Amino acid sequence: MSKILFSGGKVIDPVSGKIKKADVLVENGRIRAVGAKIQPGGAKVIDCRNRFLAPGFIDLHCHLREPGEEIKETFTSGLWSAFSSGFTQVCPMPNTSPAIDSEALIRFELEAADAAKAARIIPVGACTKNRQGKELAELGGMVQAGTRAISDDGNWVSDAGLMRRIMEYATAFNLTVMSHCEVPELVNGPADEGLVATRLGLRSSPAVAEAIAAMRDIMLAELTGCRLHICHVSSRLTVEVLRWGKARGVEVTAETCPHYFALTNAALDDFNPNLRVNPPLRSEADRKAIVRALADGTIDAIATDHAPHSPEEKEREFENAAPGIIGFETAFSLGYELLVRKRVLTLPELIARMSVVPAKILGVEPPAIVPEAEANLVVIDTELKWELTRARIFSRSANTPFLGRTMQAKVVATVLGENSYFDPEQIKL
Ligand SMILES: [Zn+2]
């Protein structure tokens, strides 16, 4: 569809926080006009009255499983899952098989992603060869190919001397280092260490495993001048460490994921393997600290950590289930329900934490609904109640504890350049 008029919607500018009623005309993948009473002139008209328009979302942290585990997800299925949920750009973590640690593999990713004709990827390369934490990966070549950030996600780079060198190179190449913070020697099991784990008889890991790792990396970022981003923050202690680092003026940012503000370990009573995530769900005090940190900006962004797994790997007893849940389909709705409706963030603030703030963290152009920009937008219905069913999930996997949940607020259309998605249940074309 080459010409579309989004008519009568409320356009959100997440930078100023302002919401303004306007028509938006998109032609050949670009925004041609934003304003009142734009004439369609042959454009397909989408009625956006009582709907919001906002810049497309950017996911800082997801797993698309290709190459190596196409049974769980592919670029096509994962990028459609993202796109149909409002994400126009996503950062696939390089912990694939093989790990994305070379220029050739970054180019492979970009080509495979492009063919999906949905969301785009912002490539993230590994810090070390095969993510083994021993030798630097081919950083120069990966930067040439378009890498914006590096991460050994799934592993923390334990060797402090090596991490220092990684950060020095990252500073020289203007890369963001994304750190999966977890001291491996402190990790003893899949639950948060404390009373709940003891009562349930689950092996556990303490929150300090995350906080100590974050503390070391913040200190190294200060030493090297590196832009550091802390992945999937799950604990109150790490929030305190972040506050300390930010107060020192270190260039550190952080993300959390919807499951860390939606759930706690109190839900583990029935040993649902879809509640096994890494880092683990923690206490209500941790959850509240995450919410407060989102409110005051200590945690900058919301990422999904979309982590598809096959039933074979997930439908096991809790301790042996693969860690991670899918997250694209539920991210915006959980944010709306638990942050906007509970007045933690305004709607423009929630959008910012999922779009322009991630862009800044990655050093890429922030999406904006302005004339002559590439079309990069979502249409949101905040009144819509919908049930998360398997049929509404584009991912190859369905490992989520939210299956069957009635959600409020939904992305009903996503446009990126010439790529578009319209929810067939909500928008009749
Ligand atoms: Zn991780």
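# Zinc site, cysteines and parallel sheets

C48 has 0% relative accessibility and therefore counts as buried, the cut-off being under 20%. The model is predicted. Its main topics here are the cysteines, a zinc ion with three named protein donors, D153, H180 and H232, and two open sheets, one of 6 strands and one of 3 strands.

**Cysteines**

- Across the whole structure, the search for disulfides returns 0.
- C181 takes part in no disulfide. The nearest cysteine sulfur belongs to C231 and is 7.3 Å away, whereas a disulfide would need the two sulfur atoms within 2.5 Å.
- C181 has a relative accessible area of 6%, so this residue is buried.

**Zinc site**

- The zinc ion has protein donors from D153 (OD), H180 (ND1) and H232 (NE2), at 1.9 to 2.3 Å.
- Along the sequence, the donor residues follow the spacing D-x26-H-x51-H.
- H180 sits in the loop between β11 and β12 (191-192), and H232 sits in the loop between β14 and α7 (236-247); the pair therefore ties together parts that are 52 residues apart in sequence.
- Both histidines fall under the 20% cut-off for burial: H180 is buried because its relative accessibility is 4%, and H232 is buried because its relative accessible area is 2%.

**Six-stranded sheet**

- The strand order is β9-β10-β11-β14-β15-β16, in an open sheet with parallel pairing.
- At the edges are β9 (124-125) and β16 (301-302), each of which pairs on one side only.
- Strand β15 (residues 252-256) is joined to β16 by 2 bridges in the parallel sense. T256 has I302, in β16, as its bridge partner.
- Helix α4 (residues 160-173) packs on this sheet and touches β10 (149-150), β11 (176-179) and β14 (227-230). The direction of α4 makes about 145° with that of β11.

**Three-stranded sheet**

- This open sheet has the order β6-β7-β8, again with parallel pairing.
- Its edge strands, β6 (57-62) and β8 (120-121), each pair on one side only.
- Between β6 and strand β7 (residues 87-92) there are 4 bridges in the parallel sense. The bridge partner of I58 is Q89 in β7.
- Helix α1 (residues 75-84) lies across β7 and β8 and runs at about 130° to β7.

Methods: Residues numbered from 1 in each chain as written. Predicted model: local features only at pLDDT ≥ 70, side-chain atom pairs only at ≥ 80, totals over all residues. Heavy atoms only, no water. Pairing = 2+ DSSP bridges. Contact = heavy atoms within 4.5 Å. Axes fitted to C-alpha atoms, helices over the stretch in contact; angles between N-to-C directions. Buried < 20%, exposed > 50% of the residue type's maximum accessible area, 1.4 Å probe, protein only. Donors = N, O, S within 2.8 Å, 3.2 Å for Na, K, Ca; no water.
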